[in-house]
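Please read the following report with the structure open beside it, and find each part as it is named. The text moves from the parts of one chain to the places where two chains meet.

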Amino acid sequence: MSAQEPLTNHELSPDLQRSLVEPRALLSTMLSGAVWIVAIIASVPLFSVLYGLIVRGGHRLSLEVFTELPPAGFEEGGGFGNAIVGTLVTVGIGAIISIPFGILAAIFLGELEPNGKMAYAARFCAKTLTGLPSILAGVFAYALVVLTTGTYSAPAAGVALALLMLPTVVLTAEEAMRTVPVNMKNAAYGMGCTRSQVIWKIVLPTALPGVLTGVMLAVARAAGETAPLLFTALFSNYWFVEGGRAKLMSPIASLSVLIYNFSGMPYDNQIELAWTASLVLVMMVLFFNILARVLGRKKV
Amino acid sequence: MNAFEEATTGEQISGPPSQTDFLLDISFRGLAKVCAGFIILVVVLLLWEIGYKAIPAIREYHLGFLTGTTWDVNKQTFGILPEIWGTLYSSILALCIGGFFGITMAIFLTQDFLPARFALVFRTIVELLAAIPSVVYGFWGIYVVIPFVRPIADWLNAELGGIPFFSTTLSGPGMLPAALVLAIMILPTIAAVSQDALRQVPYRIKEAAFGLGATRWETILKVMLPTASTGIFGALVLGFGRALGETMALAMLVGNSNQLSLSLFSPGNTLAALLALNFPEAGEREIPVLMYAALVLLLITLAVNMLGTTIMTLTSTSMRSGK
């Protein structure tokens with residue numbers, strides 16, 4: 001399409017189709033192809049992990065693994081029932097600590113004084129905490145709880161996990177509270193509500209799906225954490241509740257630490273169990289993740 | 001009782017807050033403020049606890065701790081230079097790989113390459129990558145990634161052994177498998193934050209580029225990426241911060257040997273892995289030293305994360321104000 005040639009009727013109507021062999025267009029097409037390939041390569045690890053878990057971990061999945069205690073090296077069979085209980089207990093303690101604090105802090109950040117100096121500082125701290133290496137949460141809980149009480153325990157692990165859950169809970173809850181329409185709040189103020197009443201009766205119920213999304217994401221993350229548990233919960237080969245008594249102040253098992261311990265073992269039985277434990281752990285984590293997603297979809 | 005009945009029976013449906021309401025209001029707001037302050041307190045306490053417990057070791061080893069190369073409990077000599085090197089080296093490698101894939105993924109998901117439904121599939125894949133626990137990645141790395149990269153590593157070593165990067169053989173765990181797994185782990189962070197940055201670019205800028213006759217990739221490379229560059233840089237910094245602090249996958253894959261090597265295939269160590277491996281069995285003398293190492297890791301990651309957070313805040317405010 002050069003300008004020197006006399007224009008025919010056909011050329012007067014502009015050619016909107018770009019020639020595919022033109023270098024610029026060709027490059028664009030090639031890069032589009034390349035980006036597809038990159039995207040597919042980036043998806044391979046997820047499927048490889050899931051394939052490994054299902055194929056190698058799936059065949060040991062039975063009722064036995066949920067009810068038995070971890071086997072020693074030479075033993076056959078066994079399971080990781082106590083580790084599942086341990087994961088639930090430690091994450092539960094973490095949730096009990098972090099959720100009330102997190103939601104109350106989010107109320108302050110999102111609703112009471114969103115633009116105050118303190119809110120900026122707290123928000124900045126929360127954002128910084130999101131990037132805190134999980135091992136340092138463990139070091140912190142070790143210094144604060146383990147050294148003080150003199151023993152590895154479930155509460156120590158709970159403190160470490162709470163520290164990791166807190167920023168997720170705060171930041172998502174704050175975001176959810178900001179989406180509550182001002183009109184709804186103004187209507188409540190017009191009825192003579194105090195700010196707290198507005199928060200309890202309007203803001204929290206309306207923002208609840210978003211708040212729960214954050215909580216579920218935090219729980220999912222905490223359930224998979226290993227590093228903070230290594231030297232706060234340690235590990236235990238026994239049940240958390242034995243003889244009708246909960247052993248709160250003694251080492252406690254967890255799925256993730258079990259996987260870590262068994263991954264380095266030379267015995268096939270333990271390695272197989274580690275695959276099965278990974279499968280169970282990933283299913284737990286994905287369950288909470290999907291729950292978060294379903295809750296988050298119901299937008300105001 | 002509905003509003004009509006209330007109105008007709010003379011009872012009020014609304015009214016001024018009572019004394020109790022005021023009291024409850026003030027105490028509840030106070031409580032919320034205390035909880036917000038608690039977050040700040042936690043960060044201060046974190047620095048204080050780790051810093052305070054590290055003081056004996058700081059007094060004894062000073063800054064020589066940062067440049068020492070041996071870690072021997074029996075001789076009481078401690079140095080973390082190999083760990084600092086390993087942390088930075090593995091993170092930079094992971095950032096190169098994960099950054100490339102993460103940013104490409106963000107372009108792929110935001111620049112209309114896919115119908116909405118397929119975009120959701122890929123977005124979910126990226127998000128699920130972030131959901132898998134790091135210990136599972138480490139375990140998968142031992143049994144899948146290492147056997148997979150070992151023949152490639154050995155071939156590279158045999159053919160190109162003269163280049164420092166390939167100067168040793170891969171005898172199991174090593175820097176390359178660790179960095180690969182680390183790259184997978186930071187990819188979701190980089191992809192998610194870069195997507196936000198690309199979405200914040202006003203649509204009319206893109207339209208203007210197309211209107212001038214630019215091809216899709218000319219638009220992406222010369223208009224979209226430069227406009228979103230600060231946000232993408234922030235994404236890389238945050239991803240780097242993640243990589244620095246990642247523990248389990250590295251503790252399982254990096255080999256845990258104190259050496260300084262440029263080779264991609266030699267085993268190494270990182271600060272986080274050092275803490276994970278030595279803390280559970282640490283004696284009275286070793287704990288302050290480990291706290292010192294933890295403090296170093298804390299300061300590095302805090303600095304990197306604060307930088308990333310600040311960049312993100314700056315970009316979102318400048319985009320909102322329309323610059």
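In this predicted model, the domain assignment divides chain B into domain 1, residues 18-60, and domain 2, residues 64-320. The C-alpha centres of these two domains of chain B lie 32 Å apart, and the contact between them joins 7 residues of domain 1 to 7 residues of domain 2. On the side of domain 1 of chain B that touches domain 2, the residues divide into 5 nonpolar, 1 polar and 1 charged.

Taken as a whole, chain B contains 13 helices and 2 strands. Its radius of gyration is 26 Å, whereas the globule rule gives 20 Å for 323 residues, so chain B is more spread out than a compact globule. Along its principal axes, the C-alpha trace of chain B spans about 90 × 65 × 35 Å. Buried residues make up 46% of the 323 residues in chain B, and among the contacts in this chain with a separation of 6 or more, 75% are accounted for by residues 24 or more positions apart.

Chain B also meets chain A, in a contact that takes 70 residues from chain A and 72 residues from chain B. Helix α2 of chain A, residues 23-58, gives the most to the side of chain A that touches chain B, with 16 residues, and the residues of that side divide into 49 nonpolar, 18 polar and 3 charged.

The largest nonpolar core has 195 residues, and those that touch the most other members are Ala105(A), Phe140(A), Ile259(A), Leu182(B), Leu275(B) and Ala294(B). Helix α7 of chain B, residues 175-200, supplies the largest share of this core, 18 residues, and the core draws at least three residues from each of domain 1 and domain 2 of chain B. As a general background, nonpolar side chains tend to be buried together in soluble globular proteins.

Two helices that are mostly covered can be set side by side.

| Helix | Residues | Buried residues |
|---|---|---|
| α11 of chain A | 255-263 | 8 of 9 |
| α12 of chain B | 271-278 | 6 of 8 |

In α11 of chain A, the buried residues are Leu255(A), Ser256(A), Val257(A), Leu258(A), Ile259(A), Tyr260(A), Phe262(A) and Ser263(A). They pack against α4 (81-112), α9 (195-224), α10 (227-230) and α12 (268-297) of chain A, and also against α6 (134-160) and α11 (248-253) of chain B.

In α12 of chain B, the buried residues are Leu271(B), Ala272(B), Ala273(B), Leu274(B), Leu275(B) and Ala276(B). Leaving aside its neighbours within four places in sequence, Leu275(B) is in contact with Ile135(A) and Val139(A) from chain A, and with Leu290(B), Ala293(B) and Ala294(B) from chain B.

A last residue to find is Ala131(B), which lies in helix α5 of chain B, residues 116-131. Is Ala131(B) buried or partly exposed? A residue needs 20 or more C-beta neighbours within 10 Å to be buried, and because Ala131(B) has 19 C-beta neighbours inside 10 Å, it counts as partly exposed. Leaving aside its neighbours within four places in sequence, Ala131(B) is in contact with Ala220(A), Val285(A), Leu286(A) and Asn289(A). Within chain B, Ala131(B) and Gly68(B) are 63 residues apart in sequence and 37 Å apart in space, C-alpha to C-alpha.

Terms used:
Residues are numbered from 1 along each chain as its sequence is written. Chains are lettered from A and ligands numbered from 1 in the order in which they are written. This is a predicted model: local features need pLDDT of at least 70, side-chain atom pairs count only at pLDDT 80 or more; totals for chains, interfaces and linings use all residues. A nonpolar core is a set of buried Ala, Val, Leu, Ile, Met, Phe, Trp, Tyr and Cys residues joined through C-beta atoms within 7 Å. A residue is buried if 20 or more other C-beta atoms lie within 10 Å of its own, exposed if 12 or fewer, and partly exposed in between; C-beta atoms are placed from the backbone. Helices (H or I, at least four residues) and strands (E, at least two) are DSSP runs, numbered from the N terminus. Domain bounds come from an automatic or database domain assignment. Two residues are in contact if their C-beta atoms, placed from the backbone, lie within 7 Å. The radius of gyration is taken over C-alpha atoms; the globule rule is 2.2 Å times the number of residues to the power 0.38. Ala, Val, Leu, Ile, Met, Phe, Trp, Tyr, Cys and Pro count as nonpolar, Asp, Glu, Lys and Arg as charged, and the others, Gly among them, as polar.
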